[in-house]
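Hi there,

Here is the structure I promised to pass on. Have a look through it first, and my notes come right after.

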Amino acid sequence: RKDWASLMLKLVQDGGKSYSAVYRRQDDDHEERYKSGALSYIDLSSLMNRFVDLIELSPWHNFWIYNADADIQVELDEHNLIFVYGRLHECSSLLLRYGFREDRIEVPFPHLHRPVEELDEQESLMIQAIRNSCDR
């Protein structure tokens, strides 16, 4: 299993003071988005470590993290593909050091995403944690 959450955190870490997270859940019928309030890097790391199984294993979501100070956004999608927006040169170097390479990506089509019922409670707790971050 890849350590996607740690890699995402390394990609956005740049001494910023203002981070945020967005959790997007979708199924066949609808889509929901939950955006955190401003988070410190420590709070963002804590959130991601607490819900790492959901972030890395759920086939029903996308998870974004932002560093507003460095103008960088990293997304992990439901296929475990990482998208980086901003600071591409620095991020490319880091990804190469971690053994990634540029290549063509193919997601089999058609394919199926099955719910992971064991993650339902964790998802509810993460959505609540994100909502609570907006109340601070």
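Below is what I found, going from confidence to strands, helices and rings.

A word on the ground rules: this is a predicted model, in which local features need pLDDT of at least 70 and side-chain atom pairs count only at pLDDT 80 or more, while totals for chains, interfaces and linings use all residues. Residues are numbered from 1 along each chain as its sequence is written, and side-chain values use heavy atoms, with hydrogens and water left out.

The chain has an average pLDDT (the predictor's confidence in each residue, from 0 to 100) of 85, and 93% of the residues score at least 70. Confidence is highest in helix α2 (residues 41-50), with 93, and lowest in α4, with a mean of 85. Helices (H or I, at least four residues) and strands (E, at least two) are DSSP runs numbered from the N terminus.

Strand β4 (residues 72-76) is a good place to start. Five of its five residues are buried, so the strand is largely enclosed by the rest of the structure. Here buried means under 20% relative accessible area, exposed means over 50%, and partly exposed is in between (1.4 Å probe, protein chains only). Ile72, Val74 and Leu76 cover one side of β4, with Gln73 and Glu75 on the other.

β4 pairs with two strands, where pairing takes at least two DSSP bridges:

- Strand β3 (residues 61-67) is antiparallel to β4 over five bridges, and tyrosine 66 has glutamine 73 as its bridge partner. Four residues separate these strands in a hairpin, and aspartate 71 in the turn has a positive phi of about 55°.
- Strand β5 (residues 82-85) is antiparallel to β4 over four bridges, with leucine 76 opposite isoleucine 82. This hairpin has five residues between the strands, and asparagine 80 takes a positive phi near 60°.

Now the rings. The structure holds two aromatic pairs. In one of them, tryptophan 4 and phenylalanine 100 are tilted, at 5.9 Å centre to centre and 50° between the planes. (Rings of Phe, Tyr and Trp, the last by its six-membered ring, pair if their centres lie within 6.5 Å; planes under 30 degrees apart count as stacked, over 60 as edge-to-face and the rest as tilted.) Tryptophan 4 lies in helix α1 (residues 4-12) and phenylalanine 100 in the loop between α4 (88-97) and α5 (120-134), so the pair ties together parts that are 96 residues apart in sequence. Tryptophan 4 is buried, at 11% relative accessible area, whereas phenylalanine 100 is partly exposed, at 27%.

Best wishes
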